[in-house]
Amino acid sequence: MSKTYQAGDQVLLVDSKKRHYLLTLEKGGEFHTHSGVVLHDKLIGAFDGSSVSSTSNSIYMSFRPSMSEYIKKMPRGAQVIYPKDIGAILMIADIYPTAKVFETGVGSGALSMALLRNGANVFGYEIREDFANRARENVKVMLGEKALENYHIEIRDSYEGIEEKDFDRAILDLPEPWLVVPHLKQVLSSGAIAVAYTPSIKQAIKFREAIAKNGFSLGETIEVLHRGWHIDGEAVRPDHRMVAHTGFISAGRLLYK
């Protein structure tokens, strides 16, 4: 059954040129654009997928944002991991319901959201309190208050050590992930998977060297390239623009101690 929008809901508006706008509905609220004003009251009570007109009669499609759409538009403090990379990380790290996951460098919470939606229990270390607060808020907005029950963030430096133990998975998104690897050896369960997301190949190399020296095997490194296609009748071609390199995803599995 289709659900109607209510005050407080996140709504994605899409204009005729496929530009996206994210807003939180408020009674009496207004969304101002170059094509007039969209009144929130016109959306409150409307169905997901319905269209709304601005005061200048421009038409906007409306949808509840997918996680990918929300991540691209959500408030952020730190740069977020691209959705194309998040999908690969979830598969490479083999995230499953009830998995106990250590995440360090939570940033604005984009990856945290995906981990939580997959049913993981996430324990995060973040050195900046403003980033941690932003991550919690983004998780609450996208997944609801209840998701915070499985989301535990501490203001701590993972380079200095990790207190909690018996993790099934670890995901590192910070400048020097190789410095965390010796600590992971002490807190991961045997067979656990560790993943690092790094912008440069030199960082990936150092991480791979570190896991090889600390009891991990099955090392791999990949990058994900995303190319869309233009399809309009008989006019079919690759898009002129594509999301190419964003980061390297490296992983390894901990051998029995």
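A residue counts as buried when its relative accessible area is under 20%. That cut-off will help with several of the close-ups below, which come from a predicted model.

**View 1. Leu-188 sits in strand β11 and is buried.** Strand β11 covers residues 188-198, and Leu-188 has its place there. With a relative accessible area of 2%, Leu-188 falls under the 20% cut-off and therefore counts as buried. Leaving out residues up to four places away in sequence, Leu-188 touches Phe-167, Arg-169, Ala-170, Ala-194, Phe-216, Leu-254 and Lys-257. Look for Asp-94 as well: Leu-188 and Asp-94 are 94 residues apart along the chain, and their C-alpha atoms are separated by 15 Å.

**View 2. Seven strands form an open sheet with mixed pairing.** Follow the strands across in the order β9-β8-β7-β10-β11-β15-β12. The edges belong to β9 (151-155) and β12; each has a single partner strand, so one side of each has no neighbour in the sheet. From one strand to the next, the twist averages 15°. Within this view, β7 (residues 100-104) and β10 run parallel and are joined by four bridges. To find one of the paired positions, start at Glu-103, whose bridge partner in β10 is Ile-171.

**View 3. Helix α3 is largely enclosed by the rest of the structure.** Helix α3 spans residues 83-92, and seven of its ten residues are buried, which is why the helix is described as largely enclosed. The buried residues are Lys-84, Asp-85, Ile-86, Ala-88, Ile-89, Leu-90 and Ile-92. Which elements cover the buried residues of α3? Among them are the helices α2 (67-73) and α4, together with the strands β10 (167-172), β11, β12 (216-222) and β15 (248-254). Just after α3 comes Asp-94, which takes a positive phi of about 55°.

**View 4. Helices α3 and α4 cross at roughly 45°.** Their axes come within 10 Å. The angle makes α3 oblique to α4, and the crossing is right-handed. On the α3 side, the contact is made by Ile-86, Ile-89 and Leu-90, while α4 brings Ala-110, Leu-111, Ala-114 and Leu-115. How do the residues of this contact divide into nonpolar, polar and charged? Seven are nonpolar, with no polar and no charged residues.

**View 5. Helix α4 also meets helix α5.** The axes of α4 (residues 110-117) and α5 (residues 129-143) come within 9 Å and cross at roughly 45°. That makes α4 oblique to α5, and this crossing, too, is right-handed. Ser-112, Met-113, Leu-116 and Arg-117 of α4 meet Asn-138, Val-139, Met-142 and Leu-143 of α5. The residues of the contact of α4 with α5 divide into five nonpolar, two polar and one charged. Helix α4 also lies across the strands β7, β8 (121-126), β9 and β10, running at about 175° to β7.

**View 6. Ser-112 is a buried residue of helix α4.** Is Ser-112 buried or exposed? Its relative accessibility is 0%, so Ser-112 counts as buried. If neighbours within four places in sequence are left aside, Ser-112 is in contact with Glu-103, Val-106, Val-139 and Tyr-151. You have already met Glu-103 as the residue paired with Ile-171 in β10, and Val-139 as part of α5 in its contact with α4.

**View 7. Four strands form an open sheet with antiparallel pairing.** The order here is β2-β1-β6-β5. Strands β2 (20-24) and β5 (51-53) stand at the edges with a single partner strand each, so one side of each is left without a neighbour in the sheet. Neighbouring strands of this sheet are turned by 35° against each other on average, direction ignored. Strand β1 (residues 10-14) pairs with strand β6 (residues 59-63) over three bridges, in the antiparallel sense. One position to look for is Val-14, whose bridge partner in β6 is Met-61.

**View 8. Strands β3 and β4 form a hairpin.** Two residues lie between the strands. Strand β3 (residues 30-33) and strand β4 (residues 36-39) run antiparallel, joined by four bridges. Thr-33 stands opposite Gly-36 in β4.

Methods. Residues numbered from 1 in each chain as written. Predicted model: local features only at pLDDT ≥ 70, side-chain atom pairs only at ≥ 80, totals over all residues. Heavy atoms only, no water. Pairing = 2+ DSSP bridges. Axes fitted to C-alpha atoms, helices over the stretch in contact; angles between N-to-C directions. Parallel < 35°, antiparallel > 145°, perpendicular 65-115°, else oblique. Left-handed = near helix turned anticlockwise from the far one by under 90°. Contact = heavy atoms within 4.5 Å. Nonpolar A, V, L, I, M, F, W, Y, C, P; charged D, E, K, R; others polar. Buried < 20%, exposed > 50% of the residue type's maximum accessible area, 1.4 Å probe, protein only.
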